[in-house]
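User: Please take a close look at the aromatic residues of this model and follow them outward to whatever they lead to. A connected account is better than a list.

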Amino acid sequence: MADHVEGIEDVEGIGDIESIVIVGAGLAGAKAVETLREEGYAGTLTLVGSEPEPPYERPQLSKEFLKGDADFSLLHDEAWYAEHDVRLLTGTTAAALDPATGTVRLESGESLAYDRLLIATGARARVPQVPGADSAYFLRDVTDARRLKEAITPGSRVVLVGGGWIGLEVAAAARALGAQAVVLERGELPLAGVLGPDLARYVTDLHIQHGVEVRTGVTVTGIRLDGVETGDGTIAADVVVVATGVVPETTLAEAAGISVNGGIIVDQQLRTSAPNVYAAGDVAVARHATLGALRVEHWDNAIRQGELAAQAMLGRHVSYDWQPYFFTDQFEFSMEYVGRSAPEDQVVIRGNQPGNEFIAYWLRDGTIAAGMNVGIWDVNDTLRKLIGTSPDPDTLTDLR
Ligand SMILES: Cc1cc2nc3c(=O)[nH]c(=O)nc-3n(C[C@H](O)[C@H](O)[C@H](O)COP(=O)(O)OP(=O)(O)OC[C@H]3O[C@@H](n4cnc5c(N)ncnc54)[C@H](O)[C@@H]3O)c2cc1C
């Protein structure tokens, strides 16, 4: 048995697990580490991460950090890992894993043996297949955020390729920094796929009111240092930011023969196709209790799946069954969303939409599939409870 951590009692049933390795020191990996110690796992625990920083919060990078309102936050300082007897290997990439022998090989050449392995390698920014794409700015980690922050200066013209969450948040931050912001969206409206046409129009109008230029139906054909080439000519830019989504970081798993299809495939206990190997967070396509196979690229999911994976690795009876949740902050559009809507759902609004304080309900055949609170706080748990219920729409309120 490995050395025990002082103050942590070994819990019955997990004594035969002597070594747990977590690859990917992001939010999911860090939450798994935290939960393992909270649950009484006292064996060897190693957290391996490519980035030089210990795990930190990413959402701030496109918001407060980019605007210069706040620094980015670590989930725990380095001392915490030492206090909890966690071997934290930052700046270290796992190069290969071998499920047959239960080992992970690091780029340094060191091999780590595991009884349980969690892959929490997250995702990387998608690079569009157009000439010059490499010359653009991307925003996935704090190194990207620092570079971008330096590049966005008052008066500069920032062109965002992609009108998704990150693109719109960066546009809002650019305006706050006194820069011009131009959003190029391929579809009819930014966010239309998630919010539906009416709410997508509302968010787009908010951006326009704040001076963001939103161009829709744009096909980007090339990226240059001084602009973006489109089917309709070149759009001048001082800074081009590409925010066209992410690609799950599945390289390790694939090379090890683990089943991958748009992410690492895991069951309701986050188990991969390889024995004793689990996956969680942005990288995992997980079997949800009622919603089918889902890959969720959001903060709350990384936290909850990190916790769930830790419990599952210790043999607890847990399963993936919560409704997806995410949040954003862009101008007055500050919201939390829970559930999973579809473009054909009926949207019911309650409250004061022009005043940016309202609740949106998505109804499918009379049943609430998703809810969003905008500018109204401490009600998301109530919304969560309403999902799956079929109330008379007249009884729906703004929950205040
Ligand atoms: C700018 C930005 C803003 C966001 N804003 C929001 C928001 O407002 N609301 C919201 O809900 N979500 C938001 N998100 C999404 C949220 O941050 C992610 O869903 C979450 O961070 C995913 O956590 P993860 O641990 O699964 O992966 P990640 O955070 O991507 O961490 C994975 C880590 O694994 C490392 N890694 C990869 N391969 C290896 C390897 N072979 N060896 C070692 N290490 C490896 C990576 O370097 C990375 O550090 C935002 C994301 C970004 C980038």
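Analyst: In this predicted model, one aromatic cluster is formed by W165, F326, Y337 and W362. Two of its members can be placed on elements: W165 falls at the start of α5, which covers 165-176, and F326 falls within β21, which covers 325-330. Counted by ring pairs, the aromatic contacts come to eleven. F65 and F72 make one such pair: their ring centres are 6.0 Å apart and their planes stand at 90°, so the arrangement is edge-to-face, the class for angles over 60 degrees.

Both partners of that pair are covered by the protein. F65 has a relative accessible area of 5% and is therefore buried. F72 has 15%, which is still under the 20% limit, so F72 is buried as well. The ring of F65 also has a charged neighbour: K149 lies over its face, at 4.2 Å from the ring centre. F65 thus takes part in an edge-to-face pair with F72 and has a lysine over its ring.

Back to β21, the strand that holds F326. T328 lies in this strand too. With a relative accessible area of 1%, T328 is buried, and its side chain makes a polar contact of 3.0 Å with the side chain of Q330. Q330 is the last residue of β21, given the range 325-330.

The ligand comes next. Its surroundings comprise 35 residues, and the closest are E51, R58, K63, R140 and D282. By class, this shell holds 16 nonpolar, eleven polar and eight charged residues. Backbone and side-chain atoms both come into polar range of the ligand. On the backbone side, a polar atom of L27 is 3.1 Å from an oxygen atom of the ligand, and a backbone N or O atom of S50 lies 3.1 Å from one of its nitrogen atoms. On the side-chain side, an N or O atom of R58 is 2.5 Å from a ligand oxygen. Taken alone, the ligand exposes 1000 Å², of which the protein buries 92%. Four elements each give two or more residues to the shell: α1 (27-38), α5 (165-176), α9 (299-313) and β21 (325-330). L27, with its backbone contact to the ligand, is the residue at which α1 begins. The elements that carry W165 and F326 are also on that list.

Some backbone details remain. Most residues other than glycine have a negative phi. D85 has a positive phi of about 50°; it sits in the loop between α3 (78-83) and β3 (86-89). At 40% relative accessibility, D85 lies between the 20% and 50% limits and so counts as partly exposed. D378 also has a positive phi, near 65°, and is found in the loop between β25 (367-374) and α10 (380-386). D378 has a relative accessible area of 79%, which is over 50%, so this aspartate is exposed.

T234, in strand β14 (residues 233-236), can be set beside the threonine of β21. T328 is buried at 1%, whereas T234 is partly exposed at 43%. The C-alpha atom of T234 is separated by 9.3 Å from that of V220, a residue 14 positions away along the chain.

Methods. Residues numbered from 1 in each chain as written. Predicted model: local features only at pLDDT ≥ 70, side-chain atom pairs only at ≥ 80, totals over all residues. Heavy atoms only, no water. Near = heavy atom within 4 Å. Polar contact = N/O pair within 3.5 Å; in protein donor to acceptor, adjacent residues only side chain to side chain. Areas by Shrake-Rupley, 256 points an atom, 1.4 Å probe, with all protein chains shown as cover. Nonpolar A, V, L, I, M, F, W, Y, C, P; charged D, E, K, R; others polar. Phe/Tyr/Trp six-rings, centres within 6.5 Å; stacked < 30°, edge-to-face > 60°. Buried < 20%, exposed > 50% of the residue type's maximum accessible area, 1.4 Å probe, protein only. Lys NZ or Arg CZ within 6 Å of the ring centre and 35° of its normal.
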